[in-house]
Amino acid sequence: MKKYMTLAVCCLLAACSSKETPPAATTQSVSVIPAPAQVVMKSGAFDLSAATPVRYAADSPGEQVAGYFVDLMKRTRGLALAAAAGETGGKQAISFVLQAREGSQVEEAYSLVVSPERILVSSHSPRGLFYGAVTLWQLAAAEQIPAVEIEDAPRFRWRGLMLDSARHYQSPQFIERLIDTMALHKLNVLHWHLTDDQAWRIE
């Protein structure tokens with residue numbers, strides 16, 4: 001079962017790339033799934049440590065996104081960051097900013113700017129801010145994050161995975177891990193097949 005689930009997820013991730021044929025430089029420069037729509041590599045790197053502050057504007061969706069990013073870094077990288085409301089333009093900080101943009105925008109579009117001085121994740125929507133945080137997490141696999149400017153938006157509005165729990169039982173823990181993994185790969189729809197003539201899985 002796990003073998004087929006892994007194969008299905010890999011196929012979906014391959015189909016969800018933001019562009020038809022991303023430039024070779026894009027896929028070689030940053031390790032991000034799916035490949036971002038636009039990547040411009042810069043010189044230098046941002047030094048990431050437990051002392052790096054994570055900032056968001058008070059009473060904004062940035063609070064939930066920053067909290068998720070901090071929790072994710074602790075669970076997967078072992079790095080205990082702290083998120084707090086405050087000045088989002090400060091140096092040596094990671095900032096999550098919800099801001100309006102001119103022109104029509106794809107709902108989940110986001111911008112990620114990494115420089116030696118700071119990291120800024122911005123979007124006009126909470127969804128876009130969340131996916132920007134996921135991309136930053138993917139880049140933060142080491143203590144130094146390469147300086148880069150990323151402008152990204154999904155190629156497909158519907159990026160889903162179907163889970164058949166009517167014919168094949170999965171534990172709640174498995175389903176929770178599956179949903180988390182979907183989010184980390186920017187899949188946004190879970191088609192959960194719960195009932196059929198064979199079974200009904202939820203009381």
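How many bridges join strand β5 to strand β7, and in which direction do the two strands run relative to each other? In the predicted model considered here, five bridges join β5 (residues 110-114) to β7 (residues 144-152), and the two strands run antiparallel. Within this pairing, Tyr110 stands opposite Asp152 in β7, while Leu112 has Ile150 of β7 as its bridge partner. On the β6 side, four bridges join β5 to β6, again in an antiparallel arrangement, and here the bridge partner of Leu112 is Val121. Leu112 is thus bridged to Ile150 in β7 and to Val121 in β6. The strands β5 and β6 form a hairpin, with four residues between them. Four of the five residues of β5 are buried, and the strand is therefore largely enclosed by the rest of the structure.

These strands belong to an open sheet of seven strands, for which the order is β1-β7-β5-β6-β4-β2-β3 and the pairing is mixed. The edges of the sheet are occupied by β1 (38-47) and β3 (82-85), each of which has a single partner strand, so that one side of each is left without a neighbour in the sheet. Neighbouring strands of the sheet are turned against each other by 20 degrees on average, when direction is ignored. In general, the strands of a sheet pair through backbone hydrogen bonds, in either a parallel or an antiparallel manner.

With regard to the chain as a whole, five helices and nine strands are assigned, and from the N terminus on the elements follow the succession α-α-β-β-α-β-β-β-β-α-β-β-α-β. Of the 203 residues, 42% count as buried, and the accessible surface of the chain comes to about 11,100 Å², of which 55% belongs to carbon and sulfur atoms. Among contacts between residues at least 6 apart in sequence, 74% join residues that are at least 24 apart.

The surroundings of strand β6 can be described through Ile119, which is found in this strand. Ile119 counts as buried because its relative accessibility is 0%, where the limit for a buried residue is under 20%. When neighbours within four places in sequence are left aside, Ile119 is in contact with Phe46, Ala93, Ile94, Ser95, Leu112, Val113, Val114, Leu136 and Ile145. For one of these residues, Ile145, the C-alpha atom is separated from that of Ile119 by 9.5 Å, the two residues being 26 apart along the chain.

Helix α4 (residues 126-139) lies across β4 (94-98), β5, β6 (119-123) and β7, and runs at about 150 degrees to β6. Turning to aromatic residues, the count of aromatic pairs comes to three. Phe130 and Tyr131 form an edge-to-face pair, with 5.4 Å from centre to centre and 70 degrees between the planes. Ring pairs link these two residues and Tyr68 into a cluster. Tyr131 has a relative accessible area of 7% and is therefore buried, given that the limit is under 20%. In addition, the charged end of Arg159 sits over the ring of Tyr131, at 5.6 Å from the centre of that ring. Tyr131 is accordingly described by its edge-to-face pairing with Phe130, by its place in the cluster with Tyr68 and Phe130, and by the charged end of Arg159 over its ring.

Conventions:
Residues are numbered from 1 along each chain as its sequence is written. This is a predicted model: local features need pLDDT of at least 70, side-chain atom pairs count only at pLDDT 80 or more; totals for chains, interfaces and linings use all residues. Side-chain values use heavy atoms; hydrogens and water are left out. Two strands pair if DSSP finds at least two bridges between them. Axes are lines fitted to C-alpha atoms, for helices over the stretch in contact, and angles run from 0 to 180 degrees between N-to-C directions. Contact means heavy atoms within 4.5 Å. Rings of Phe, Tyr and Trp (its six-membered ring) pair if their centres lie within 6.5 Å; planes under 30 degrees apart count as stacked, over 60 as edge-to-face and the rest as tilted. Buried means under 20% relative accessible area, exposed over 50%, partly exposed in between (1.4 Å probe, protein chains only). A charge sits over a ring if NZ of Lys or CZ of Arg is within 6 Å of the ring centre and within 35 degrees of the ring normal. Accessible areas come from the Shrake-Rupley method with a 1.4 Å probe; for residues, only the protein chains shown count as cover.
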